[in-house]
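Visitor: I'd love a close look at one part of this model. Please take me to the ligand site and explain the terms as you go.

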Amino acid sequence: MNNFRTDNASEFVGTKVTLPGWVANFRSSGKIFFLQIRDGYGYIQSVVAESEVTAETWEACQKITLESSVIVSGLVSKHPKKDEYELQVTTVQVVQTAAEYPIGKKDHGPEFLLDQRHLWLRSSKQIAIQKVRHTIIKSIYSFLDDEGFTKIDSPILTPNACEGTTELFEMDYFGERKAYLSQSGQLYLEAAIAAHSKVFDFGPVFRAEKSKTRRHLTEFWMMDAEMAWHDHEDSLAVQERLIYYIIQRVLEANMTDLEILERDPEPLKSIQLPFIRITHAEAVAKLQQLGSDIKANEDLGGDDETLLTQSLDRPVFVTHWPAEIKAFYMKRDQSGKVALCDDMIATEGYGEIIGGSQREDDYDTLLKRIKEHDLPVEYFQWYLDLRKYGSVPHSGFGVGLERLTAWMCGIKHVRETIPFPRLINRLEP
Ligand code: 4AD
Ligand code: MG
């Protein structure tokens, strides 16, 4: 084999190469047979001329089916008119002849495609989405590494809730007790800041949310970041720089993918720092003006998030929420009524992509909150301990990978941004 791939074809013009791949398309035109080969890096048109190949190869082409795995050999040439490369084929070896492929050219409904997710992943748009997701993951790691963060892997099996007990997946733990699937690694990261100052985790989290919206999965990937000596404002500055950085990397690495997805890159290109900051009270007032029936102490609904950002050219931080509707661990301002927290809302109606806050760092206050929220103090004793041994002001935030990917790709539903989506009504394949 050689190092030929469809994405480095320009270096191989005039060379004979061998390419393993899958048949993404084919058509016959008399004495010429065209194979569109997908190799995992792109596509290449492979031209088989009856006069140039053995009878065996020509026969094989006549029996080819969509998605068969093949090894083709041939000469790389530049397309006479387009900025593309072709293979002038000498041999075709069929490794496995695919059965009739269920996904065709016609429009299939989303449920059908989700049932075929194990195959749908090969479609060009789905490939493009996963490539964008990959860039986002990679750029989150490189940004945080450059900023001096250490990755700390938080556990997935936990004895208690992080983000409220109503959305917990519960499981039986050896018939002796209950365990829960983690909703966020945040609390564990708070333990690690005294060891590493700035830390992050990045992994799957679970929410037994009964919300059937285009923004909710029951299993999704979150990056939690936690920073010692950072107050709420310091945290906002890190969040906006991170998101800005990710956007630039996607625009550098994934222009072809955005094109395949028919995602207009202009709204992403025009995003500038700093992002907009408004308080929850200001957001409510603005939304009421725009016709929303949101009340002063309410969470923003999906429609509110869209309404709020519709005329904005950059994301907005909604800060200073009523403490009563936010998590127990959030530090409050002087009044004691407002949480020092933020939701970062993306542009173009993609909704909340980050949730973050400063954390309560005083032992007695935190104990009071845990009791107010009816949480079992014994399970939080270790978390309280952190306020006993060198407590410091600290803040953190969590980024939802699927919502961020949906926004970058310009696709409305998060279910296509994760390889195998888990939704209330879907656990398969
Ligand atoms: O706002 P959330 O619930 O924040 C936390 O869990 C904090 N403990 C994070 C932290 O401070 N370390 O979730 C963070 C983000 C949301 O902004 C959203 O992007 C995403 O996770 N998210 C979901 N994504 C897909 N499906 C769901 N059901 C989601 N719930 C939250
Ligand atoms: Mg949130």
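Visitor: Which residue has a backbone N or O atom that lies 3.4 Å from a nitrogen atom of ligand 1?

Guide: That residue is R215. The model is predicted, so local features need pLDDT of at least 70 and side-chain atom pairs count only at pLDDT 80 or more, while totals for chains, interfaces and linings use all residues. Residues are numbered from 1 along each chain as its sequence is written, chains are lettered from A and ligands numbered from 1 in the order in which they are written, and side-chain values use heavy atoms, with hydrogens and water left out.

The R215 pair fits the cut-off for a polar contact, a pair of N or O atoms within 3.5 Å; within protein, one must be able to donate a hydrogen and the other to accept it, and residues adjacent in sequence count only if both atoms are side-chain atoms. Oxygen atoms of the ligand take part too: one lies 2.6 Å from a polar side-chain atom of E352, and G400 offers a polar backbone atom 3.4 Å from an oxygen atom of ligand 1. Of the 630 Å² that ligand 1 exposes when taken alone, the protein buries 94% (accessible areas by the Shrake-Rupley method, 1.4 Å probe; for residues, only the protein chains shown count as cover).

Stepping back, E352 is also among the closest of the 22 residues surrounding the ligand, along with E163, Q186, R207 and D224; here a residue is near if one of its heavy atoms lies within 4 Å. As for the wider setting, the protein is divided into domain 1 (6–96) and domain 2 (117–416), bounds that come from an automatic or database domain assignment.
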